[in-house]
Amino acid sequence: MGHREDLLAGAKRCLVEKGYARTTARDIVAASGANLASIGYHYGSKEALLNQALIQSVREWGEQLAKTLIEAEVAHLGPRERYEAIWGRIVEMFGANKQLWTAQFEVLAQIEHAEDVRQVLTAGNAEGWPGLGMLFNNIDPEVDGRQASLVGAFNQALLTGIMAQWLIDPTTALNGDDITEALGIIAQSFSAKDATVTVGSASN
């Protein structure tokens with residue numbers, strides 16, 4: 001690799017090991033084997049280099065997540081079993097890639113200072129949500145694109161929250177069974193309220 005590629009690889013490593021805010025230009029130089037002047041020459045600034053490293057890391061994270069979900073082999077399962085199996089695989093990912101998941105929160109923490117990263121994430125959401133709806137809940141985006149995107153966005157939000165729980169304390173974080181059970185309870189409460197409203201309306 002040339003200096004440009006070496007710097008990017010070094011910056012990605014620093015993001016995982018030290019985080020965005022704590023990474024210095026000298027850290028990147030030490031991790032890449034390049035020199036300080038090459039950062040300015042190839043990227044303009046340390047911040048620009050770190051932003052590019054963030055963008056590439058986010059893309060790689062998305063690819064790894066999609067690969068994990070596809071490899072879960074859930075096509076033959078019913079809706080509940082499918083959901084539990086997928087979340088079980090995701091929780092396994094948390095344990096195997098703690099530093100990678102921690103780095104995702106660094107991305108969110110720096111989003112106000114990295115408009116190019118925000119644009120990549122925004123475009124990635126629009127592209128990825130329908131696919132998540134298909135992977136998690138078998139909703140075909142070509143049949144109902146809005147529903148697939150809505151469910152995909154919900155699952156992404158849930159994933160971020162579970163990730164935060166896991167990073168704080170893996171022993172109390174929700175697992176696949178917990179998540180499915182909780183959603184079942186919520187769904188039942190909605191149905192019960194709907195039934196109560198219907199009965200009340202009929203008696204009037």
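**Exercise 1. Surroundings of Lys12**

Which residues does Lys12 touch, not counting residues up to four places away in sequence? Determine also whether Lys12 is buried or exposed.

*Solution.* The model is predicted. Step 1: locate the residue; Lys12 belongs to helix α1, which spans residues 3–17. Step 2: list its contacts. With residues up to four places away in sequence left out, Lys12 touches Ala53, Gln56, Ser57 and Glu60. Step 3: assess accessibility. Buried means under 20% relative accessible area; Lys12 has a relative accessibility of 17% and therefore counts as buried.

**Exercise 2. Packing of α1 and α3**

Describe the packing of α1 and α3, and state which residues make the contact.

*Solution.* Step 1: take the geometry. The axes of α1 and α3 (residues 36–43) are 10 Å apart, and the helices pack at an angle of about 105°. Step 2: classify the angle. Values of 65 to 115 degrees count as roughly perpendicular, and α1 and α3 are therefore roughly perpendicular to each other. Step 3: identify the participants. On the α1 side the contact is made by His3, Arg4, Leu7 and Leu8, and on the α3 side by Ser38, Ile39, His42 and Tyr43. Step 4: sort these residues by class. The contact of α1 with α3 comprises 4 nonpolar, 3 polar and 1 charged.

**Exercise 3. The largest pocket**

Characterise the largest pocket by its volume, its lining and the classes of its lining residues.

*Solution.* Step 1: state the volume, which is about 840 Å³. Step 2: examine the lining. It consists of 29 residues, of which Trp61, Gly62, Gly124, Asn125 and Gln156 are the closest to the centre of the pocket. Step 3: assign the lining to elements. Two or more residues come from each of α4 (46–70), α6 (98–109), α7 and α8; α7 gives the most, with 12 residues. Step 4: divide the lining by class, which yields 16 nonpolar, 9 polar and 4 charged residues.

**Exercise 4. Asn138 and Asp177**

Establish the location and accessibility of Asn138 and of Asp177.

*Solution.* Step 1: place Asn138, which lies in the loop between α7 (115–137) and α8 (145–168). Step 2: inspect its backbone. Asn138 is not a glycine, yet its phi is positive, at about 60°. Step 3: assess its accessibility. Because its relative accessibility is 48%, Asn138 counts as partly exposed. Step 4: turn to Asp177, found in helix α9 (residues 176–203). Asp177 is partly exposed, with a relative accessible area of 48%. Step 5: relate sequence to space. Asp177 and Ala85 are 92 residues apart in sequence, while their C-alpha atoms are 8.6 Å apart.

Conventions:
Residues numbered from 1 in each chain as written. Predicted model: local features only at pLDDT ≥ 70, side-chain atom pairs only at ≥ 80, totals over all residues. Heavy atoms only, no water. Helix = DSSP H or I, 4+ residues; strand = E, 2+ residues; numbered from the N terminus. Buried < 20%, exposed > 50% of the residue type's maximum accessible area, 1.4 Å probe, protein only. Contact = heavy atoms within 4.5 Å. Axes fitted to C-alpha atoms, helices over the stretch in contact; angles between N-to-C directions. Parallel < 35°, antiparallel > 145°, perpendicular 65-115°, else oblique. Nonpolar A, V, L, I, M, F, W, Y, C, P; charged D, E, K, R; others polar. 1 Å grid on protein atoms, 1.4 Å probe; cavity = no way out; pocket = protein on both sides within 12 Å on 5 of 7 lines; lining within 4 Å. Points joined across faces, edges and corners; volume = space filled by probe spheres on them.
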